[in-house]
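Visitor: I have a structure open on my screen and would like to learn how to read its features. Could you walk me through it?
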Amino acid sequence: MTTVAVLVGSLRKESFSRKVANAVARLTPDLKFDFLDIGGVSYFNQDLEANPPADWTAFRDRIKAADAVLFVTAEYNRSVPGVLKNALDVASRPYGQGALMGKTAAVISTSIGAIGGFGANHHLRQSLAFLNMPVMAQPEAYVGNTGSLFDGTGQITNDSTEEFLVAFGKAFMAFIEKNKQK
C-alpha cells in the first residue's frame, strides 16, 4: 500500500488543519497515512548536522520510508507556521540529500477566514519547488471557514467540502502513481 507522510502545520490538538488531514485520511482509504509529530522535532541548527539529534534522524527516516508527503497547514501571518518551516529545514538536510528531495507532495491550506490560507499555500510551494518535490497542482486546496465545517466529534458537516476532499484524495493517489520513481 502507498504510504503518505502527513505534516500538519499546527500543533493545537483540536486544530482545523489536523481535522482536515484526518478527513482526507478517512476519505482516502486506499492510501496509508503516517502522521508525523512536527512538534517533537528540535530546532534546526547547522552546527548539529555532523551528529544530528535522534529526533531529526527518526523524523527523516519516516519521511524517507513514505512514498509521498501531504502538507496540511494553517496560515500564520500570511505564511507557514514556524514549526512547519523548522520541520522542512530539518527534513531537507543534509543539503542535496534530504528526506524530502524528489518526494511527491500535495498541499492543503486552511483558514478560519474565507481565503483558505492562500499565502501559506504558496509560500510552502516555494520551499517545495526548491526541494525538487513534484507538487500536485490541481485541484488546488484552500479550505476556508474551517470553524464551521466540523461537528463536536471532528466530522465534516459540509457535504461539498467532503466531496471536494474525496476528489482531492483521488487526484493525489493518481498523482503519486504518475510520479512513482522507477
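Guide: Gladly! Let us start with empty space: a cavity is a set of grid points where a 1.4 Å probe fits but cannot get out, and its lining residues have an atom within 4 Å of a point. Please keep in mind that this is a predicted model.

Visitor: Thanks. How many cavities of 30 Å³ or more does the count give, and which residues line the largest cavity?

Guide: The general idea first: rolling a probe the size of a water molecule over the atoms shows where empty space is left. Here the count comes to one cavity of 30 Å³ or more. The largest cavity holds about 40 Å³ of space, and its walls are formed by V8, L11, R18, L36, D37 and I38. Sorted by class, that lining has four nonpolar and two charged residues, with no polar ones.

Visitor: And the open spaces? What is the volume of the largest pocket, and which residues line it?

Guide: The largest pocket has a volume of about 180 Å³. Its lining is made up of K85, L88, D89, S92, R93, Y95, G96, M101, S127, F130 and L131. By class, you will find five nonpolar, three polar and three charged residues there. Helix 3 and helix 4 each supply at least two residues of this lining, and the largest share, three residues, comes from helix 3.

Visitor: Those two helices look like a good next stop. At what angle do helix 3 and helix 4 pack?

Guide: For a helix pair, look at the angle between the axes and at the distance between them. Helix 3 (residues 82-91) and helix 4 (residues 118-130) pack at about 5°, and their axes are 12 Å apart. Angles under 35 degrees count as roughly parallel, so helix 3 and helix 4 are roughly parallel to each other. Helix 3 brings L84, K85 and L88 to the contact, while helix 4 brings L124, S127 and L128. By class, this contact has four nonpolar residues, one polar and one charged. Notice that K85, L88 and S127 also appear in the lining of the largest pocket.

Visitor: Helix 3 has another neighbour, I see. How does helix 2 pack against helix 3: roughly parallel or roughly perpendicular?

Guide: Helix 2 (residues 54-65) and helix 3 pack at an angle of about 80°, with axes 9 Å apart. That makes helix 2 roughly perpendicular to helix 3. Here W56, F59, R60 and I63 in helix 2 meet A87, V90 and A91 in helix 3. This contact has six nonpolar residues and one charged residue, with no polar ones.

Visitor: Now the sheet. In what order do the strands lie, and which strands stand at the edges?

Guide: To read a sheet, follow the strands from one side to the other and check the sense of each pairing. Five strands form an open sheet in the order 2-1-3-4-5, with parallel pairing. Strand 2 (31-36) and strand 5 (142-143) are at the edges; each has a single partner strand, so one side of each lacks a neighbour in the sheet. Strand 5 pairs with strand 4 (residues 104-110) in the parallel sense over two bridges, and T110 stands opposite V143.

Visitor: Which strands does helix 5 lie across?

Guide: Helix 5 (residues 159-179) lies across strand 1 (2-8), strand 2, strand 3 (68-74) and strand 4, and runs at about 155° to strand 4.

Visitor: One last topic, the backbone. Which peptide bonds are cis, and where is a positive phi found?

Guide: Most residues other than glycine have a negative phi, and most peptide bonds are trans. In this model the bond from R93 to P94 is cis, with omega near 0°, and P94 sits in the loop between helix 3 and strand 4. The bond from Q138 to P139 is cis too, with omega near 0°; P139 belongs to the loop between helix 4 and strand 5. That loop also holds N132, which has a positive phi of about 60° although it is not a glycine.

Conventions. Residues are numbered from 1 along each chain as its sequence is written. This is a predicted model: local features need pLDDT of at least 70, side-chain atom pairs count only at pLDDT 80 or more; totals for chains, interfaces and linings use all residues. Side-chain values use heavy atoms; hydrogens and water are left out. Two strands pair if DSSP finds at least two bridges between them. Helices (H or I, at least four residues) and strands (E, at least two) are DSSP runs, numbered from the N terminus. Contact means heavy atoms within 4.5 Å. Axes are lines fitted to C-alpha atoms, for helices over the stretch in contact, and angles run from 0 to 180 degrees between N-to-C directions. Angles under 35 degrees count as roughly parallel, over 145 as roughly antiparallel, 65 to 115 as roughly perpendicular and the rest as oblique. Ala, Val, Leu, Ile, Met, Phe, Trp, Tyr, Cys and Pro count as nonpolar, Asp, Glu, Lys and Arg as charged, and the others, Gly among them, as polar. On a 1 Å grid over the protein atoms alone, a cavity is a set of points where a 1.4 Å probe fits but cannot get out, and a pocket is an open set with protein on both sides within 12 Å along at least five of seven lines; lining residues have an atom within 4 Å of a point. Grid points are joined across faces, edges and corners, and a volume is the space filled by probe spheres set on the points.
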